[in-house]
Amino acid sequence: MQQYIGFNLNKNEYMIPILKVREIITMPSITILPQLPSYIKGITNLRGAVIPIVNLKSLLNAGNGKETEKTVIVVSAGKITFGLIVDGITGVVKVDESNIEPPEKL
């Protein structure tokens with residue numbers, strides 16, 4: 001059994017392994033930099049560490065024109081730390097790994 005944090009993006013629910021999540025914060029002040037990819041909203045200073053903030057709606061082409069995001073999940077993947085903008089957190093769930101299906105191929 002592995003624990004996951006569920007979050008909403010538009011009207012869909014997604015999950016990320018809880019061991020990858022460093023913390024969950026409200027939307028920080030973001031500094032916009034020129035020439036960043038469209039899915040990078042900017043950077044923020046999180047207790048002395050500068051991290052990029054990723055807009056998942058832009059990355060997944062799931063934007064609906066409204067900016068309702070107020071929550072950022074700070075994720076650590078190896079030496080990389082970044083923030084993911086989401087609509088909200090749904091909770092923590094325990095999932096048996098044998099029940100996880102691979103993603104559909106495009």
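Strands, in the sense used here, are DSSP runs of E with at least two residues, numbered from the N terminus. With that in hand, one can say of this predicted model that strand β2 makes the greatest contribution to the lining of the largest pocket, giving four residues.

The pocket itself is a convenient place to begin. Rolling a probe the size of a water molecule over the atoms shows where empty space is left. In this structure the largest pocket holds about 350 Å³ of space, and the elements that supply two or more residues to its lining are β1 (2-9) and β2 (12-17). The lining residues include Tyr 4, Phe 7 and Leu 9, as well as Glu 13, Tyr 14, Met 15 and Ile 16. Farther along the sequence, Leu 56, Leu 60, Leu 84, Val 95 and Ile 100 also belong to the lining. Sorted by class, the lining consists of 11 nonpolar residues and one charged residue, with no polar residue among them.

The two strands named for the pocket also belong to a sheet. Strands of a sheet pair through backbone hydrogen bonds, either parallel or antiparallel. Here three strands form an open sheet in the order β2-β1-β8, and the pairing is antiparallel. Because β2 and β8 (88-95) each have a single partner strand, they stand at the edges, and one side of each is left without a neighbour in the sheet. From one strand to the next, the twist of this sheet averages 30 degrees. The antiparallel pairing of β1 with β2 extends over six bridges, and within it Tyr 4, a residue that also lines the largest pocket, stands opposite Pro 17 in β2.

Between these two strands, the loop deserves a look at its backbone. Asn 10 lies in the loop between β1 and β2, and it has a positive phi of about 60 degrees although it is not a glycine. What is the solvent exposure class of Asn 10, given its relative accessible area? Its value is 25%, and since partly exposed covers the range between under 20% and over 50%, Asn 10 counts as partly exposed.

The other sheet is described next. Five strands make up an open sheet with the order β3-β6-β7-β5-β4, and its pairing is mixed. The edge strands are β3 (21-26) and β4 (40-46), each of which pairs on one side only. Neighbouring strands of this sheet are turned against each other by 30 degrees on average, when direction is ignored.

Within the five-stranded sheet, strand β6 (residues 71-77) and strand β7 (residues 80-86) run antiparallel and are joined by seven bridges, with Val 75 standing opposite Phe 82 in β7. Thr 71 is found in β6, and its relative accessible area of 15% falls under the 20% limit, so this residue is buried. Leaving aside neighbours within four places in sequence, Thr 71 is in contact with Ile 24 and Ile 25, and also with Leu 84, Ile 85, Val 86, Asp 87, Gly 88 and Ile 89. Of these contacts, Val 86 lies in strand β7 and counts as buried at 0% relative accessibility. The C-alpha atoms of Val 86 and Pro 37, which are 49 residues apart along the chain, are separated by 18 Å.

At another place in this sheet, β4 and strand β5 (residues 49-55) run antiparallel and are joined by six bridges, and Asn 45 stands opposite Val 50 in β5. The hairpin of β4 and β5 has two residues between the strands, and Arg 47 there takes a positive phi near 50 degrees, a positive value in a residue other than glycine. Is Arg 47, in the loop between β4 and β5, buried or exposed? With 62% relative accessibility, which is over the 50% limit, Arg 47 counts as exposed.

Thr 44, found in strand β4, is by contrast buried, with a relative accessible area of 7%. Apart from neighbours within four places in sequence, Thr 44 is in contact with Pro 28, Ser 29, Ala 49, Val 50, Ile 51 and Ile 53. Between the C-alpha atoms of Thr 44 and Gly 83, which lie 39 residues apart along the chain, the separation is 9.0 Å.

Methods:
Residues are numbered from 1 along each chain as its sequence is written. This is a predicted model: local features need pLDDT of at least 70, side-chain atom pairs count only at pLDDT 80 or more; totals for chains, interfaces and linings use all residues. Side-chain values use heavy atoms; hydrogens and water are left out. On a 1 Å grid over the protein atoms alone, a cavity is a set of points where a 1.4 Å probe fits but cannot get out, and a pocket is an open set with protein on both sides within 12 Å along at least five of seven lines; lining residues have an atom within 4 Å of a point. Grid points are joined across faces, edges and corners, and a volume is the space filled by probe spheres set on the points. Ala, Val, Leu, Ile, Met, Phe, Trp, Tyr, Cys and Pro count as nonpolar, Asp, Glu, Lys and Arg as charged, and the others, Gly among them, as polar. Two strands pair if DSSP finds at least two bridges between them. Axes are lines fitted to C-alpha atoms, for helices over the stretch in contact, and angles run from 0 to 180 degrees between N-to-C directions. Buried means under 20% relative accessible area, exposed over 50%, partly exposed in between (1.4 Å probe, protein chains only). Contact means heavy atoms within 4.5 Å.
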